[in-house]
Amino acid sequence: MGVGTLEERRQLDKGVPSGPRHQPDFAYLGVDEAGISSGHRVYQQNMAVMKRREPSPHLFPQNTVSSAKAANCLLESPSSHSTHFNPYLVNMFIPNTSFEVLDDTRPTDVSLPAFMVSTTRGFLPRADPIVALPPEFDPIEDLLRRMPVSTQSGHPGLLAVGQLGDEVQKLADLTEEVEKYHDNIPMMNALYRDYSFLASAYLLEPCHMRFMKGEPTGFKPFMEYAGSYALFNYRLQDPDRGLEYDNLRLIRAFEHGLDPSSSEAGFVLVHVDMVKNSGPIVAGAMSALSALVDQNGTDLTAQRKAFNKGLQTVLGGMQKVNAVMETMWGKSKPRSYTSFRTFIFGITSQSMFPEGVVYEGINEGKPMSFRGESGANDSMIPLMDNLLQIQMPSTPLTEILQDFREYRPSNHRQFLVEVKQCSEELGVKDFALGVDPHFAATTNEQHEQLLESRRLWVKLLNEVRDFRWRHWCFAREYILKQTSHPTATGGSPIVTWLPNQLQAVMEEMVEIYGSVGGQLGPTDLGDECRDIMDLVSRQRDKLRKEVDKYCQERGVSIRN
């Protein structure tokens, strides 16, 4: 079936029930006094007042305030039932917690959040995203179709000629229509996605026009990686082919992204293709944690075999993720990135609105500031950090890392917190390395299994290093060599932030390899691990030189 018309796109969503629902109870939803949910309060699509944008002072008409509250409250409120037990789901629990990890994702159940961690789809949404909004939102659909710099027809869109702002001002009040879908959480997520695209494009349209004229400028928006720009923004060209990369298309785009061969499409869809492989990472992590639940009553040999099997599953998933990540070079070109990147910047630590953005009727009229869309908001590497107990330095840069972790679906946030706590309580790192006499090997078989645990641990750390090294290479080629703007889309300092985490991983690898005697005698971990550590030694030196070079060129402090 084609997907050119709105009705055809709606057919792709058939089978997902929807319909009128009751008014939201904001007290039950756990919303703050301003009526904004903790996770997505930045995305109040209807009220931003931009002090430096003329002539239109409002992001959306003033009378649509409550629709924004309804959409955003449902997306990230405690009513998302992320930890409530559902007897109809076939799930598992993180050991010693009540946190459920799904096996059956119940794709047609609209009462559950769109994003819930599963062993099958990992950090992707429970079901493929809703492609088209219901008919009552046709004005939004129409505006979004006409919005991109290059529309699906190939003709220039509203952002190409700087006319989006004027069209946004004509939008009708759709508050009552939004509130009809209060209980259909995936639909609310689709509404959030589409309104956040409009909000970000509206806010940054003047910036884009100045960029296209070659005028220097700073940037500011609001947008979220999982729920809006990336993981809830793909559709399947042919539903029967599933999540094959060539079958993926963007639902919304800012520039040329409706063309699947464009750099904007490649940038987003490679992320989707990466996260497609996160199910085994989640499943393997759960298996490794579960293997250590009863450390006193289980045979150590059997326990370590089960633990290693879980780590091997995680390793296989991470290797696939890194292999897909490498394809970014061919699917999204460095010289193309800076143009559509304009629309995914955030407000925090950016220069276009140094005093933040005022949301009319919210926060007592005081400016608000939020981080922009960033792949750093993904949950795969934070899961690895927490499972492997990777230690980060106590620096302002690490504080930014912790702040980033607030910008993801609530179920993902809680999952990461629970994994961290569980890993520490069960002593996962101590068990894997076997340095503690309590986990010492007493037979030849146990010794071999212990060595395998250590090898797997080093290899997993190496996958994290590989991921972060490639991310640094992306930042160098796509950003540092293309623009002098000092901050990334999420507001982190572009020269020093990624090296902060990358250096920490490599130092962890050096410390662990030395502590277990990985290079010599009966504790030798073999040639593969030796080659890994040789690479780490070279990359540490190269990273220091590159960071020093860019800091000197840009007058940046190494700690900022």
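Of the contacts in the protein with a separation of 6 or more, what share comes from residues 24 or more positions apart? Hello everyone, let's start there. The share is 75%, where contact means heavy atoms within 4.5 Å.

A word on what we are looking at. This is a predicted model, in which local features need pLDDT of at least 70 and side-chain atom pairs count only at pLDDT 80 or more, while totals for chains, interfaces and linings use all residues. Residues are numbered from 1 along each chain as its sequence is written, and side-chain values use heavy atoms, with hydrogens and water left out.

The protein has 20 helices and six strands. Both are DSSP runs numbered from the N terminus, with helices being H or I of at least four residues and strands being E of at least two. Of its 560 residues, 61% count as buried. Buried means under 20% relative accessible area, exposed means over 50%, and partly exposed is in between, using a 1.4 Å probe and protein chains only.

Let's begin with one helix, α10, which runs over residues 278-291. How far apart should its ends be? At 1.5 Å a residue, its 14 residues should span 20 Å, and the end C-alpha atoms are indeed 20 Å apart. The expected span here is 1.5 Å times one less than the number of residues. Helix α10 is mostly covered, with ten of its 14 residues buried. Among them are Ile281, Val282, Met286 and Leu289.

Now find helix α16, residues 410-426. Its 17 residues should span 24 Å at 1.5 Å a residue, and the end C-alpha atoms agree, being 24 Å apart. Its buried residues include Phe415, Leu416 and Val419, and also Arg413 and Glu418. Just after α16, Gly427 takes a positive phi of about 65°.

Which way does α14 lie against α16? Helix α14 covers residues 380-388, and the two pack at an angle of about 20° with their axes 7 Å apart. That makes α14 roughly parallel to α16. For the terms, axes are lines fitted to C-alpha atoms, for helices over the stretch in contact, and angles run from 0 to 180 degrees between N-to-C directions. Under 35 degrees counts as roughly parallel, over 145 as roughly antiparallel, 65 to 115 as roughly perpendicular, and the rest as oblique. The crossing of α14 past α16 is right-handed, which means the near helix is turned clockwise from the far one by less than a right angle, whereas anticlockwise would be left-handed. On the α14 side, Pro382, Leu383, Asn386 and Leu387 meet Phe415, Leu416, Val419, Lys420 and Ser423 of α16. These residues divide into six nonpolar, two polar and one charged. Here Ala, Val, Leu, Ile, Met, Phe, Trp, Tyr, Cys and Pro count as nonpolar, Asp, Glu, Lys and Arg as charged, and the others, Gly among them, as polar.

Next, follow the chain past α14 into the loop that leads to α15 (396-404), where Gln389 sits. Gln389 has a positive phi of about 55° although it is not a glycine. Most residues other than glycine have a negative phi. Gln389 is buried, at a relative accessible area of 16%. Asn96, in the loop between β2 (91-93) and β3 (100-102), also has a positive phi, near 65°. Is Asn96 buried or exposed? Asn96 is exposed, with a relative accessible area of 56%.

On to α15 itself. The axes of α15 and α19 come within 9 Å and cross at roughly 95°, and the two helices are therefore roughly perpendicular to each other. Leu397, Thr398, Ile400, Leu401 and Phe404 in α15 meet Trp497, Asn500 and Gln501 in α19. That contact has five nonpolar, three polar and no charged residues.

Helix α19 (residues 497-515) also packs with α20 (residues 527-554), their axes coming within 10 Å and crossing at roughly 145°. This crossing is left-handed. The contact residues include Leu502, Met506 and Tyr513 of α19, and Ile532, Val536 and Leu543 of α20. In total, twelve are nonpolar, two polar and four charged.

Last stop: Phe340, in helix α13 (residues 334-341). Phe340 is buried, with a relative accessible area of 1%. Its C-alpha atom lies 6.5 Å from that of Phe254, 86 residues away along the chain. What does Phe340 touch, leaving aside neighbours within four places in sequence? The contacts are Tyr229, Glu255, Ser263, Glu264, Phe267 and Ser332. Thanks for listening!
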